[in-house]
Amino acid sequence: MASKKDAASDKQSKQSKSKKGKGKREDVPVLSIQLTLAHVGFGGNAGKGHYFYSFSPDVVTVQTSTPITLEYVFEDEVPSRFEIVNVLNSDAYKQIGAPEILDDGRRVRMRNQNSVSTLIFFTVLVRDSLSAYNDVDLISCDPQVGNDPQVIPGRKKRG
């Protein structure tokens, strides 16, 4: 049976690890991209024309030479009926980490290593809890993101 001293040491070790993880995430700058989404019935740019979406900024080029966290967040005006459920990407260079859904599906974050110059296609998948369309299960909203890390003298770009 473990003593109280061992249990306290183990608890302190776990707290230290979780603080390290949180601190590491906080050290990486966050680039927040606003997502507007609305049900329009017809004439939209997603969900077979039933929905309209827009990103601000509309095109993102990451030009720092360090990792960054990409964050897609619904604008305040987006109704709570919409929920971000996933983000898919075409990353062939293992630049993008797993998406982390936050705030009950109102925001998603992913770490971008940003060490290779590449165009990465994304799609933010959103569910409409009030959708009456049998042919629209998820709404695909596709932002434009490119990595263009700046050259640092004496350092080779990885590729």
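Trainee: What is the strand order of the open sheet of 5 strands?

Mentor: The model is a predicted one. In its open sheet of 5 strands the pairing is mixed. Neighbouring strands there are turned by 20° against each other on average, direction ignored. The order is β2-β1-β4-β7-β6.

Trainee: Which are the edge strands of this sheet?

Mentor: An edge strand pairs on one side only. One of them, β6, covers residues 100–102. The edge strands are β2 and β6.

Trainee: Which residue in β7 is the bridge partner of E100?

Mentor: β6 and β7 are antiparallel and share 3 bridges. The partner of E100 in β7 is R109.

Trainee: How many residues of β8 are buried?

Mentor: Buried means under 20% relative accessible area. By that cut-off β8, with 11 residues, is mostly covered. The buried count is 8.

Trainee: Which residue in β9 is the bridge partner of V124?

Mentor: β8 pairs with β9 in the antiparallel sense over 3 bridges. β8 also runs antiparallel to β10 (residues 144–147), with 4 bridges, and there I120 is partnered by V145. In β9, the partner of V124 is C141.

Trainee: Which residue stands opposite F122 of β8?

Mentor: β5 and β8 are joined by 7 bridges in the antiparallel sense. F122 has contacts beyond four places in sequence, including L70, Y72, M110 and C141. It is also among the residues that touch the most other members of the 28-residue largest nonpolar core, to which β5 and β8 each give two or more residues. The residue opposite F122 is N89.

Key
Residues numbered from 1 in each chain as written. Predicted model: local features only at pLDDT ≥ 70, side-chain atom pairs only at ≥ 80, totals over all residues. Heavy atoms only, no water. Core = buried A, V, L, I, M, F, W, Y, C linked by side-chain atoms within 4.5 Å. Buried < 20%, exposed > 50% of the residue type's maximum accessible area, 1.4 Å probe, protein only. Contact = heavy atoms within 4.5 Å. Pairing = 2+ DSSP bridges. Axes fitted to C-alpha atoms, helices over the stretch in contact; angles between N-to-C directions.
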